[in-house]
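Here's a walk through one protein model, written for someone who'd rather poke at geometry than read a database entry. Have a look at the structure first, then we'll start with a pair of helices.

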Amino acid sequence: MRAIDVHAHPSTERMMGGCLGKYNEAMSKHYKFEVKYETEEEMAQVFIKADVKGILVGWDAESNTGAEALGNDYLADLERGFPNAFVGAFCGVDPWKGEMAVKEIRRCIKELGMMGVKFQQIAQGFFPNDRRFYPIYEECASLGVPIQFHSGFTGMGAGLPGGAGLKLKYTRPIPYLDDVAADFPNLTIIACHAAWPWQDEMIAVLRHKKNVYNELSGWSPKYFSQALKEEIVGPNQDRFLFGTDYPGLSHDQWLGAFEKYVTNDPKIKEKVFLINAAKLFNIKLD
Ligand SMILES: [Zn+2]
């Protein structure tokens with residue numbers, strides 16, 4: 001295994017058409033890739049050929065976008081169907097569903113064997129530190145599973161009038177993510193993406209809150225700020241994780257750009273590509 005991709009969306013019609021359909025055109029322009037649907041088998045083959053194991057992430061932004069949820073059973077089936085391609089999954093839960101969301105998390109962890117919970121606050125339209133959602137975090141803390149929060153910009157709605165109504169404010173690290181990390185010191189929080197335009201805030205949270213990790217998907221390392229590049233090779237090198245935001249970026253694109261623009265140091269690469277995620281998620285390396 002060359003790497004663990006901590007942030008992989010199903011590139012299937014169910015996700016790309018059903019959940020994200022109305023944002024596809026803007027996203028493909030922004031990320032300069034053509035949105036095409038892959039079958040489950042085709043997607044798995046991409047990971048197998050790249051010698052990368054993926055961690056799948058779910059999606060449920062029904063309350064805010066009106067688009068249907070991906071379905072956590074679908075995600076669990078995809079993961080189990082291709083053990084050579086995938087090594088785990090984070091369930092997608094709509095925080096506005098209240099007690100139902102809490103129950104769904106419990107079901108996904110206990111019955112479906114998922115690893116944690118994924119939120120995308122721009123699509124879901126919520127501030128992480130809103131106390132109405134604290135029962136969700138209490139559940140995750142008591143189950144001992146991590147939460148992923150989106151951080152920074154999104155390609156969803158990018159370049160459209162009003163950004164298709166989507167608001168970027170929800171993904172700012174300070175105070176929203178920092179508050180949750182402070183209020184739940186036993187909860188592991190993974191901030192997804194490079195948090196642009198708040199990369200410095202993200203670094204401050206990482207330095208201050210030991211229970212926070214930063215997964216670097218969705219951006220080519222070419223565009224990381226100088227401060228972020230220095231942080232990745234600095235004292236917090238054990239808390240950065242590789243991810244692509246598949247199908248947004250290919251594995252070779254991201255891994256190659258990391259070597260070229262961040263560092264080619266084999267020790268750091270091994271940590272960020274593989275070991276940090278393996279330790280965090282108890283994944284056995286062969
Ligand atoms: Zn994503």
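Helix α9 passes helix α10 in a right-handed crossing. Keep in mind that this is a predicted model. The two helices, α9 (residues 173-183) and α10 (residues 199-208), pack at an angle of about 25 degrees, and their axes are 10 Å apart. Angles under 35 degrees count as roughly parallel, so α9 is roughly parallel to α10. Which residues meet there? On the α9 side they are P173, I174, L177 and D178, and on the α10 side E201, M202, A204 and V205.

Another helix pair is worth putting next to that one. The axes of α12 and α13 come within 11 Å and cross at roughly 150 degrees. Since angles over 145 degrees count as roughly antiparallel, α12 and α13 are therefore roughly antiparallel to each other. From α12, the contact uses W254, L255, F258 and E259, while α13 brings I268, K269, V272 and F273. The crossing of α12 and α13 is right-handed.

Here are the two pairs in one place:

| Helix pair | Axis angle | Axis distance |
|---|---|---|
| α9 and α10 | about 25 degrees | 10 Å |
| α12 and α13 | roughly 150 degrees | within 11 Å |

Now for the hydrophobic side of things. In soluble globular proteins, nonpolar side chains tend to be buried together. Here the largest nonpolar core has 93 residues, and the members touching the most others are Y137, I232 and W254. Helix α13 (residues 266-281) gives the most to this core, with seven residues. W254 also turned up above, on the α12 side of the contact with α13. As for Y137, if you skip its neighbours within four places in sequence, it is in contact with F119, F126, P128, I147, F149, V180, F184 and L187.

On to the metal. Which residues coordinate the zinc ion? H7 and H9 do so through NE2, and D245 through OD, at 2.0 to 2.2 Å. Along the sequence, these donor residues follow the spacing H-x1-H-x235-D. H7 sits in strand β1 (residues 3-8) and D245 in the loop between β8 (240-241) and α12 (251-261), so the pair ties together parts that are 238 residues apart in sequence. Is H7 buried or exposed? H7 has 0% relative accessibility, so it counts as buried. D245 counts as buried too, at 15% relative accessibility, because the cut-off for buried is under 20%.

D245 has a backbone quirk as well: a positive phi of about 70 degrees, although it is not a glycine. Most residues other than glycine have a negative phi, and most peptide bonds are trans. A164 is another non-glycine with a positive phi, of about 60 degrees. You'll find A164 in the loop between β5 (147-150) and α9. A164 is partly exposed, with a relative accessible area of 36%.

There are cis peptide bonds to check too. The bond from I174 to P175 is cis, with omega near 10 degrees, and P175 lies in helix α9. I174 is also one of the α9 residues that meet α10. The bond from W196 to P197 is likewise cis, with omega near 10 degrees. P197 is found in the loop between β6 (189-192) and α10.

Finally, a look around M114, which sits in the loop between α6 (99-110) and β4 (116-119). Despite being in a loop, M114 counts as buried, at 5% relative accessibility. Which residues does M114 touch? Not counting residues up to four places away in sequence, they are N72, L75, A76, A89, F90, C91, C108 and I109. For a sense of scale, M114 and P161 are 47 residues apart along the chain, and their C-alpha atoms are separated by 37 Å.

Some of those partners of M114 belong to helix α5 (residues 72-81), where the buried residues are N72, Y74, L75, A76, L78 and E79. What covers the buried residues of α5? The cover includes α1 (13-19), α3 (40-50), β2 (52-57), β3 (86-92) and α6.

Notes: Residues numbered from 1 in each chain as written. Predicted model: local features only at pLDDT ≥ 70, side-chain atom pairs only at ≥ 80, totals over all residues. Heavy atoms only, no water. Donors = N, O, S within 2.8 Å, 3.2 Å for Na, K, Ca; no water. Helix = DSSP H or I, 4+ residues; strand = E, 2+ residues; numbered from the N terminus. Buried < 20%, exposed > 50% of the residue type's maximum accessible area, 1.4 Å probe, protein only. Core = buried A, V, L, I, M, F, W, Y, C linked by side-chain atoms within 4.5 Å. Contact = heavy atoms within 4.5 Å. Axes fitted to C-alpha atoms, helices over the stretch in contact; angles between N-to-C directions. Parallel < 35°, antiparallel > 145°, perpendicular 65-115°, else oblique. Left-handed = near helix turned anticlockwise from the far one by under 90°.
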